[in-house]
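Let's take a walk through a protein model together, one stop at a time. Keep the structure open beside you and turn it as you read.

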Amino acid sequence: MTQQAERTRRIPLSRARVLTAAVALADDMGIEALSMRRLAQELGVVPMALYKHVANKEELLDGMVDALVSEIDPPVRDAGWKDVVRLRVLSARRALLLHPWGRQVLESRTNQTPAVLGYMDSFIGMFLAGGFSVDLTHHVMHALGSRMWGFTQELFDDSAGGGTEAPPALPPESQAAMFREMAERYPNILKVTTASVHTGSAVGRGCDDQFEFEFALDLLLDGFERLHREHWTSAP
């Protein structure tokens, strides 16, 4: 055993250390590789030692979500509500991009932890502090949905299942045949999806993920601003 591994073994086990190791393991190997046994091996302990700090894997996942939430910047001070909300959403998005497992785990949670509830409460508070009515804020939160966490279900999103591997490239002749069939059967889809070319997209081939996310976010914020200015209410 190396000296580094020996020093790691001597560090007292704690909940924070367990969660940090779990996040690192999921970042490196994917959430599917995370198990209590594998995590124990990474920490150099027996699996039973983990249960003193997390009751089960579900509690472990809850703690990992809390760790992710802690990386989201707090609301900036001395700024208008629109800038405050925008910066908060984009900070949440950066945290999710750093931890690709985050979306899948967030969507799988059935119990909201205090950290998650605190984030949601703070997020609502940004609108109320901006002068929004409780009524308008209620509908604003519905409109934002998962966007408050930095992600949304995109029209051409193939990554919702959590897979990270890109499909194998088709031979040129197969690609040409596929495009011909698309042009004949679904010409409008083909026009939109090939309107621009960007690399590194998870939303869809031809889409710039960050641009599309911010484009929709700004449309929503502009709409919220108009309704707020007009003192909109859902009451008859």
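**Where two helices meet**

In helix 5, the residues Val65, Asp66 and Val69 meet Ala115, Val116 and Tyr119 of helix 8. Sorted by class, this contact of helix 5 with helix 8 has five nonpolar residues, no polar ones and one charged one. Helix 5 covers residues 57–69 and helix 8 covers residues 114–129. The two pack at an angle of about 35 degrees, and their axes are 8 Å apart. Please keep in mind that you are looking at a predicted model.

Now zoom out to the whole chain. How many helices and strands are there in the chain? There are twelve helices and zero strands, and the pattern along the sequence reads α-α-α-α-α-α-α-α-α-α-α-α. The chain has 236 residues, of which 33% count as buried. It exposes about 14,500 Å², with carbon and sulfur atoms supplying 57% of that area. Contacts tell you about the fold, too: among those in the chain with a separation of 6 or more, 70% come from residues 24 or more positions apart.

Next, look for charged partners. Side chains of opposite charge can pair when their charged atoms come close. In this chain, the count comes to twelve salt bridges. One of them joins the side chains of Glu59 and Arg15, with 3.1 Å from N to O. This pair links distant parts of the chain, for Glu59 sits in helix 5 and Arg15 in helix 2 (residues 15–29), 44 residues apart. Are these two partners buried or exposed? Each falls in between: Glu59 counts as partly exposed because its relative accessibility is 29%, and Arg15 is partly exposed because its relative accessible area is 31%.

Helix 5 takes part in another such link. Here Glu58 forms a salt bridge with Arg109, and the closest N and O atoms are 3.0 Å apart. Once again the pair links distant parts of the chain: Glu58 belongs to helix 5, while Arg109 lies in the loop between helix 7 (102–108) and helix 8, 51 residues apart. The surroundings of the two partners are worth a look. Arg109 has 13% relative accessibility, so it counts as buried. Glu58 has 44% relative accessibility, so it counts as partly exposed. Asp62 belongs to this picture as well, since Glu58, Asp62 and Arg109 are linked in a network of salt bridges.

A salt bridge can also stay within a helix, as you will find in helix 7. There Glu107 forms a salt bridge with Arg103, and the closest N and O atoms are 3.7 Å apart. Why are these two separated by about one helical turn? It is because Glu107 and Arg103 are four residues apart in helix 7. Glu107 is at 46% relative accessibility and therefore counts as partly exposed, while Arg103 is at 14% and therefore counts as buried.

Let's move to the surface. Val46, Met48 and Tyr51 make a nonpolar surface patch of about 320 Å². Met48 lies in helix 4 (residues 47–50). This residue counts as exposed because its relative accessibility is 61%.

Now follow the chain into the loop between helix 5 and helix 6, where you will find Val76. With 37% relative accessibility, Val76 counts as partly exposed. Which residues does Val76 contact, leaving aside its neighbours within four places in sequence? They are Val84 and Leu87. The C-alpha atom of Val76 is also 8.1 Å from that of Arg88, a residue twelve positions apart from Val76 along the chain.

The same loop between helix 5 and helix 6 (81–98) holds Asp78. Its phi is near 55 degrees, a positive value in a residue other than glycine. Asp78 is exposed because its relative accessible area is 85%. For another example of a positive phi, go to His231, where the angle is about 55 degrees although the residue is not a glycine. His231 is found in the segment after helix 12 (209–229). At 69% relative accessibility, His231 counts as exposed.

Notes: Residues are numbered from 1 along each chain as its sequence is written. This is a predicted model: local features need pLDDT of at least 70, side-chain atom pairs count only at pLDDT 80 or more; totals for chains, interfaces and linings use all residues. Side-chain values use heavy atoms; hydrogens and water are left out. Patches are made of residues with over 30% relative accessible area and no salt bridge: like charges are joined within 9 Å, nonpolar side chains (Val, Leu, Ile, Met, Phe, Trp, Tyr) within 5 Å. Accessible areas come from the Shrake-Rupley method with a 1.4 Å probe; for residues, only the protein chains shown count as cover. A salt bridge is a side-chain nitrogen of Lys or Arg within 4 Å of a carboxyl oxygen of Asp or Glu. Buried means under 20% relative accessible area, exposed over 50%, partly exposed in between (1.4 Å probe, protein chains only). Axes are lines fitted to C-alpha atoms, for helices over the stretch in contact, and angles run from 0 to 180 degrees between N-to-C directions. Contact means heavy atoms within 4.5 Å. Ala, Val, Leu, Ile, Met, Phe, Trp, Tyr, Cys and Pro count as nonpolar, Asp, Glu, Lys and Arg as charged, and the others, Gly among them, as polar.
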